[in-house]
Amino acid sequence: MKWSEYTWNQMVPIYTKITQHPFIKELANGSLAQEKFEFYIQQDAYYLSDFGKILAGIGSKLENPAHVEAFLNFATNTIQVEQILHCSYLQQFSLNKEISISPSCLLYIGFLNKKFNLSSTEEALASVLPCFWIYKAVGDHILKHQTKTENPYQNWIATYAGEEFGIAVKKAIEICDYYADKSTTETRKKMTDAFLMASKMEWLFWDSAYNLESWKI
């Protein structure tokens, strides 16, 4: 069994909680309050600013030229697509104020930076994979279970359920499996642990947006 298959199986309970979260359910049926989606989009902009740098940094550490190129493309193409999506929604909402970074967003960014700077390349790879894989799975899940054709968030759904994003996700999984196959049992366990923790952060990110999380002090 490939590392990715084993690790996804370990993550299924987390993924199930993600798909059952009211943010995802309401996003799917179009009833999600605009204020909550605005919050999510602005937090995602904070997140992507660091995520793109981390992807490029990971790419610089990889030994296979094809893998280096893939991660550099992830750091540019994937981020550009998402930024275009963000801009379209931000213009649509005509936001008048900027929301400060949330505790959960800051926690997630800090976790990824810690894995990149203080852990192995293998762990760093595993920590960024959920942002690809879970978003693709959630996009597909929503597209499959949609009951409403006129959804104000349809562009978001189409982006992550799209074929182009699916190709990038498949490549990211293949690269993680490549390095896992060359690793020790201990390293593969650490990769799985990093993947599971990042998956929990994904749930927390959506929960934070749904509850309009703010600093207590």
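Buried means under 20% relative accessible area, exposed over 50%, and partly exposed in between, using a 1.4 Å probe and protein chains only. The model you're looking at is predicted, so local features need pLDDT of at least 70 and side-chain atom pairs count only at pLDDT 80 or more, while totals for chains, interfaces and linings use all residues. Residues are numbered from 1 along each chain as its sequence is written, and side-chain values use heavy atoms, with hydrogens and water left out.

**Exercise 1. Two residues of α9**

Task: find Thr192 and Ser199, work out whether each is buried or exposed, and list what they touch.

Solution. Start with the helix. Helices are DSSP runs (H or I, at least four residues; strands are E, at least two), numbered from the N terminus. Thr192 sits in helix α9, which covers residues 185–210, and Ser199 belongs to α9 too.

Next, apply the burial cut-off. Thr192 has 7% relative accessibility, so Thr192 goes down as buried. Ser199 comes out at 0%, so that one is buried as well.

Now the contacts (heavy atoms within 4.5 Å). Skip neighbours within four places in sequence, and Thr192 touches Trp3, Tyr6 and Thr7. With the same neighbours skipped, Ser199 touches Met11, Ile14, Ile18, Pro130 and Ile134.

**Exercise 2. The length of α9 and what follows**

Task: compare the reach of α9 with its expected span, then look at the phi of Leu212.

Solution. The expected span is 1.5 Å times one less than the number of residues. α9 has 26 residues and runs 38 Å from first C-alpha to last, close to the 38 Å expected.

Step past the end of the helix and you're in the segment holding Leu212. Leu212 has a positive phi of about 50°, although it isn't a glycine. With a relative accessible area of 29%, Leu212 is partly exposed.

**Exercise 3. A kink in α6**

Task: describe α6, and say where its kink lies.

Solution. Length goes in first: α6 spans residues 121–145, has 25 residues and reaches 37 Å, close to the expected 36 Å. Then check the bend, which is the angle between axes fitted to the seven residues ending at a position and the seven starting there. A kink of about 30° turns up at Leu129, shortly before the proline Pro130. Pro130 has already appeared among the contacts of Ser199.

Finally, burial: α6 is mostly covered, with 18 of its 25 residues buried.

**Exercise 4. Rings around Tyr160**

Task: classify the aromatic pairs that Tyr160 makes with Tyr135 and Phe165.

Solution. First, the rule: rings of Phe, Tyr and Trp (its six-membered ring) pair if their centres lie within 6.5 Å, and planes under 30 degrees apart are stacked, over 60 edge-to-face, the rest tilted. That rule gives 22 aromatic pairs.

Take Tyr135 and Tyr160: their ring centres are 4.9 Å apart and the planes meet at 70°, so this pair is edge-to-face. It links distant parts of the chain, as Tyr135 lies in α6 and Tyr160 in α7 (residues 154–161), 25 residues apart.

Then Tyr160 with Phe165: 5.3 Å centre to centre and 80° between the planes, again edge-to-face. For burial, Tyr160 is at 0% relative accessibility and Phe165 at 10%, so both count as buried. Tyr135 is buried too.

**Exercise 5. Charges, paired and unpaired**

Task: examine the salt bridges of Glu123, Asp140 and Lys190, then find what Asp177 has for a nearest opposite charge.

Solution. A salt bridge needs a side-chain nitrogen of Lys or Arg within 4 Å of a carboxyl oxygen of Asp or Glu. The whole structure has five.

- Glu123 and Lys115 meet at 3.1 Å, N to O. Glu123 is buried at 9%, and Lys115 is buried at 16%.
- Asp140 pairs with Lys136 at 3.2 Å. They're four residues apart in α6, about one turn; Asp140 is partly exposed at 33%, whereas Lys136 is buried at 15%.
- Lys190 pairs with Glu186 at 3.6 Å. Lys190 is partly exposed at 37%, while Glu186 is exposed at 55%.

Last, Asp177, in helix α8 (residues 163–181). For charge, Lys and Arg count as positive, Asp and Glu as negative, and His and the chain ends aren't counted. Asp177 is buried yet has no salt bridge, and the nearest side chain of opposite charge, Lys2, is 4.9 Å away. Leaving aside neighbours within four places, Asp177 is in contact with Lys2, Trp3 and Ser4.
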